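Hi,

Here is the structure I promised to send over. Have a look at it first, and then read my notes underneath.

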Amino acid sequence: MIATRSRAALAHALKDTWVIARRNLLRNLRMPQLVLFATVQPVMFLLLFNYVFGGSIGRSIPAAAGGKYINYLVPGLLIQVAIFGSGQTALGLTEDLSKGVIDRFRSLPMARSAVLGGRTLSDLIRNAFVICLMLAVGVLIGFRYQTTFLRLVAALLVALAFAYALSWVMAVVGLLVRNPEATQSAVFLPTFPLVFASSVFVPTESFPSWLQGFADNQPVTVTANALRGLILGPGALPHGQTVGGDVFLAVAWSVGIALVFAPLAVRIYRRSVG
Amino acid sequence: MTDESGPIVRVEGVSKSFGDVVALDSVSLEFERGIVYGLLGPNGAGKTTLIRVLTTLLRPDSGRVEVAGVDVVADPTTARTRIGLAGQFAAVDDYLTGRENVEMVGRLYNLSKAEARSRTTDLLERINLSDAADRTVRTYSGGMRRRLDLAASLIGRPEVLFLDEPTTGVDPRSRIDVWQLIEDLVRDGTTVLLTTQYLDEADSLADRLGVIDHGRLISEGTPDELKDQLGGSVIRLSVSDGWRTATMEALGATEADSPQFDELQGRITIPAPLGVRSLQEAVRRLDAANIVPNDIALDKPTLDDVFLALTGRAPAADAPADAATPRRRLRIRR
């Protein structure tokens, strides 16, 4: 009896989550400029970094990259795309809050978790699309994975797991800041140092030692290294690290971030709007 | 099923504060099934706060709230299955079509896909949006969006519908459409609670009215009872300064109440208990005395007048209690 009831509640919650996610995805499809900018930005990063810095950075990258900076750059950019993409979670939520849409949702007999669950789910799907598109452009300008296709797929999943975990952090940011314009800055301020003070674009060995200490241990570097290990092989990793170890650490970071921030976001959602 | 005999909405001693600001101060009201209850008050009076409490969006600090037989504080989940809400801003999605918007809300009311679809088609027809149903809402006018928002709030077939200022910012034609729709709903047995800043709206729609100011319910009754408190229409006219005394004398003979000269507005005001006929009589008298006023008009009592009558001051939610004076000074400058 209780089991059937909780199963029905779960089915109800999943249905509501999907209804919300579908609505968000439809919005994305009908705002071509939004998808355009979300895709153009990472592709632009890809082209700029490859052609502007590729020549000089190329010499200092690990041999496993096959002597091409693009092979080193693409795994890093996957993370960068995931991080910037997750910022959309905050922006989408504040927009709904400011337009009274959340009030409408809260007056309906729908699952309480569905607004946040649907939002993060639709952002995950959108992120997957943007990441695949960027990967395709990368292949066009010379990127080749150095391991197996299966490992490449595994790398994409690790990147998406990280993006999903960050979406919950961004949900907290959006719910706390509430104002769409202010949220824009609130999202980018912390993400820039995390992305640049990491191994996303260049190996951390060239950083001053105080910065390297931070860079080597922060989740963006850990995840970027895990992706490089999967896509380029163990030779792409800093000395003493293994592919399995980095993947484990990266997944642990994602799970840990989600476990802290998802319940926090749900709590703030319930409190702040009621 | 809910109890059919008791009041459908019962609010008992509800208070709500935000920090130092008292938004609702021990509000009590109740009304029966099948009527339109109008909540009249200026911006910031507490109308929206009360709606938010009634629709489970806000927990009151104290007091009891029952809607359709359900305690909304203790059991908000059940309450939500019995209510519909159309907030102050049309909460429809610009990038979805009209049909998608309404269907989505239907799905969130736990209707099956097929049922959500067929009810949506019916509702869109009812609000005259069938032709625009498959266009994105971005292309809709303000009035169309309001109607669509109403349709969305109706798809769950609520027992009580809450409308927060349903016609604020709506063009006159759509306003009539919205009124018509509300009247149809009530005929079909829905109970409606609506808030408004407009006396004429409250007058034509509401069976019962509550006047709310500074978070307190200051008066309750039927629209007629409320208007009796106001004393009906007035004639306002202005004449050049030299003609004032002659005008006052000419009009003084027409009415039991003597004409009043309002220094601040520079106008003469006389009561017009017979409405247009009083105005006709006044014009005849002026004509006989060879007086041509600069302007003359029959004025309906406004919300300002209601508040003046009920509270002794003009409605100014954010202003201090003696707000009437600065408001009037503002008028002279214009």
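Below is what I found, starting with chain A, then its contacts with chain B, then a few strands of chain B.

One thing before the details: this is a predicted model, so please read everything here in that light. For chain A the mean pLDDT comes out at 88, with 98% of its residues at 70 or more. If you go through chain A element by element, helix α2 (residues 32-57) has the lowest mean pLDDT, 82. At the other end is helix α6 (residues 149-177), which has the highest, 95.

Now the fold of chain A. You'll find ten helices and zero strands in it, so to speak a run of α-α-α-α-α-α-α-α-α-α from the N terminus on. Its radius of gyration is 20 Å, and the globule rule gives 19 Å for 274 residues, so chain A is as compact as a globular protein of that length. If you want a feel for the dimensions, the C-alpha trace spans about 60 × 40 × 35 Å along its principal axes. Of the 274 residues in chain A, 45% are buried. And if you take the contacts in chain A with a separation of 6 or more, 80% of them are between residues 24 or more positions apart.

Next, where the chains meet. On the chain A side, 18 residues are in contact with 24 residues of chain B. Two elements of chain A, α1 (2-30) and α4 (101-106), give two or more residues each to that side. The most come from α1(A), with six residues. What kind of residues does the side of chain A that touches chain B have? They divide into seven nonpolar, three polar and eight charged.

Finally, chain B, where I followed strand β1 (residues 9-18). β1(B) runs antiparallel to strand β4 (residues 62-67) of chain B, and five bridges join the two. To find that pairing on screen, look for B:Arg10, which stands opposite B:Glu66 in β4(B). β1(B) is also joined by seven bridges to strand β2 (residues 21-31) of chain B, again antiparallel. Here B:Ser17 is a handy marker, standing opposite B:Val22 in β2(B). β1(B) and β2(B) form a hairpin with two residues between the strands, and in that hairpin B:Gly19 takes a positive phi near 60°.

That's what I have for now. Shout if anything is unclear.

Cheers

Notes:
Residues are numbered from 1 along each chain as its sequence is written. Chains are lettered from A and ligands numbered from 1 in the order in which they are written. This is a predicted model: local features need pLDDT of at least 70, side-chain atom pairs count only at pLDDT 80 or more; totals for chains, interfaces and linings use all residues. Two strands pair if DSSP finds at least two bridges between them. Helices (H or I, at least four residues) and strands (E, at least two) are DSSP runs, numbered from the N terminus. pLDDT is the predictor's confidence in each residue, from 0 to 100. The radius of gyration is taken over C-alpha atoms; the globule rule is 2.2 Å times the number of residues to the power 0.38. A residue is buried if 20 or more other C-beta atoms lie within 10 Å of its own, exposed if 12 or fewer, and partly exposed in between; C-beta atoms are placed from the backbone. Two residues are in contact if their C-beta atoms, placed from the backbone, lie within 7 Å. Ala, Val, Leu, Ile, Met, Phe, Trp, Tyr, Cys and Pro count as nonpolar, Asp, Glu, Lys and Arg as charged, and the others, Gly among them, as polar.
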